[in-house]
Amino acid sequence: MPDRTVDPTGDIPNIPRAASGEPRATASGFGRVIVALYAVMAVAAVSRSAVQIATRFSEAPIAYSLSAFAAVVYVLATFGLARRGPTARRLATVACTVELVGVLTVGTFTVAVPSDFPDETVWSLYGFGYVFIPLVLPVVGLWWLRRTRGGTGSAG
Amino acid sequence: MVALVVGGLVVFVLGGVLAAMGRTPGDGVLVLSALLELLVLVQVVWAAAALVRGDRPAELLVFVLYLLGTVVVMPLVVFWSLAERTRWGHLVVAIGGLTVMAMVARLWQMWQAHRA
């Protein structure tokens, strides 16, 4: 952990920018792993929902619309985390939050009333079909966004 | 197919171990990823030949999408891990291996279902 005492003589090289109160890039270091996971989920969700909507949308319009919605959320989260700046950070935060709410809601629904919900979205059964990555990822993402936020948090 | 699953597993485990050791990605990862990609390409050729012969799984579109997906995973992963050389790059490659493994397993499933 970097020592937070300020050196009055001037700049200290090689100290992460977060230590000086500025936000760090979310796609750096461990963040690259998170972005990679989000990208995989984004591609998986987009292709799955594209196939569902193109071939059999009328069978389960709600579940498939939800699939498409989840796909969009993953794409937005990936971009938000991969890019720099306060707008990207805000986008990523919203996307991760929506994702967490989504996986919890859909997960609970699919456990409570499985008959009403064909097992067809990435969020079904809390993401069971994707080794629960959809459940863990938003938590890790939000934690990472918080960690890289920097000192004052004013950069939202 | 078995070779591919094992290959994916090897990349996953080795990537994880190298990341844990704190090593930065270098030639080793590149060679390993290239080998896995080679296996993937062999599978694509094999599957394409089967499809052309008229041996087709029910969900042909999904099958082809998965097939194309397996081809792009490792190149993207290697690009992403070499763009910033930290030990996390190894973990990214490990995820790539895991992804290929999962996709091959799913392809295998579709193929078996079609055979049954």
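**Entry 1: burial and outline of chain B**

I began with burial in chain B of this predicted model, and I noted that buried residues make up 38% of its 116 residues. I then looked up the secondary structure and found that chain B has four helices and zero strands, so arranged along the sequence that the pattern reads α-α-α-α. For the outline I took the C-alpha trace of chain B, which spans about 50 × 20 × 20 Å along its principal axes. I also looked at the contacts in chain B between residues at least 6 apart in sequence, and I wrote down that 85% of them join residues at least 24 apart.

**Entry 2: confidence**

Before going further I checked the scores, and the model has an ipTM of 0.82 and a pTM of 0.82. Chain B averages a pLDDT of 81, with 91% of the residues scoring at least 70. Among the elements of chain B, I found the lowest mean pLDDT, 70, in helix 1 of chain B and the highest, 88, in helix 3 of chain B. For chain A the mean pLDDT is 82, and 80% of its residues reach 70 or more. I marked residues 1-15 of chain A for caution, since pLDDT stays under 50 there, and I noted that the model has six contacts beyond four places in sequence for this stretch.

**Entry 3: where the two chains touch**

Which helix of chain B gives the most to the side that touches chain A? I first noted that 13 residues of chain B are in contact with 11 residues of chain A. On the chain B side, helix 3 and helix 4 of chain B each supply at least two residues, and helix 4 of chain B gives the most, with six residues. When I sorted the residues of this side of chain B by character, I had nine nonpolar, three polar and one charged.

**Entry 4: the largest nonpolar core**

I next turned to the largest nonpolar core, which holds 60 residues, and I found that Ala36(A) and Tyr38(A) touch the most other members. The core draws on both chains: helices 1 (30-56), 2 (61-82), 3 (86-112) and 4 (133-147) of chain A, and helices 1 (2-20), 2 (27-52), 3 (60-83) and 4 (88-115) of chain B, each supply at least two residues. Helix 1 of chain A provides the largest share, 13 residues. I followed Tyr38(A) beyond its neighbours within four places in sequence, and I found Tyr38(A) in contact with Tyr74(A), Ala77(A), Thr78(A), Leu81(A) and Leu137(A).

**Entry 5: two helix pairs in chain A**

I reminded myself that two packed helices are described by the angle between their axes and the distance between the axes. Helix 1 and helix 4 of chain A pack at an angle of about 145°, with their axes 11 Å apart, and their crossing is left-handed. From helix 1 of chain A, Phe30(A), Gly31(A), Ile34(A), Leu37(A), Tyr38(A) and Met41(A) meet Ile133(A), Pro134(A), Leu137(A), Val140(A), Gly141(A) and Trp144(A) in helix 4 of chain A. I counted this contact as 10 nonpolar, two polar and no charged residues.

For helix 2 and helix 3 of chain A, I found axes that come within 8 Å and cross at roughly 145°, again with a left-handed crossing. Helix 2 of chain A brings residues including Leu66(A), Ala70(A) and Val73(A) to this contact, while helix 3 of chain A brings residues including Ala88(A), Arg89(A) and Glu99(A). The residues of this contact divide into 14 nonpolar, two polar and two charged.

**Entry 6: single residues**

Is Ala39(A), in helix 1 of chain A, buried or exposed? I classed Ala39(A) as buried because 23 other C-beta atoms lie within 10 Å, where the cut-off is 20 or more. I also noted that Ala39(A) and Ala82(A) are 43 residues apart in sequence and 9.6 Å apart in space, C-alpha to C-alpha.

I then looked at the loop between helix 3 and helix 4 of chain A, where Leu125(A) lies and where Phe132(A) lies too. Leu125(A) has a phi near 50°, a positive value in a residue other than glycine, and Phe132(A), which is not a glycine either, has a positive phi of about 65°. Leu125(A) counts as buried because it has 21 C-beta neighbours inside 10 Å, whereas Phe132(A), with 14 other C-beta atoms within 10 Å, is partly exposed.

Terms used
Residues are numbered from 1 along each chain as its sequence is written. Chains are lettered from A and ligands numbered from 1 in the order in which they are written. This is a predicted model: local features need pLDDT of at least 70, side-chain atom pairs count only at pLDDT 80 or more; totals for chains, interfaces and linings use all residues. A nonpolar core is a set of buried Ala, Val, Leu, Ile, Met, Phe, Trp, Tyr and Cys residues joined through C-beta atoms within 7 Å. A residue is buried if 20 or more other C-beta atoms lie within 10 Å of its own, exposed if 12 or fewer, and partly exposed in between; C-beta atoms are placed from the backbone. Two residues are in contact if their C-beta atoms, placed from the backbone, lie within 7 Å. Ala, Val, Leu, Ile, Met, Phe, Trp, Tyr, Cys and Pro count as nonpolar, Asp, Glu, Lys and Arg as charged, and the others, Gly among them, as polar. pLDDT is the predictor's confidence in each residue, from 0 to 100. Axes are lines fitted to C-alpha atoms, for helices over the stretch in contact, and angles run from 0 to 180 degrees between N-to-C directions. A crossing is left-handed if the near helix is turned anticlockwise from the far one by less than a right angle, and right-handed if clockwise.
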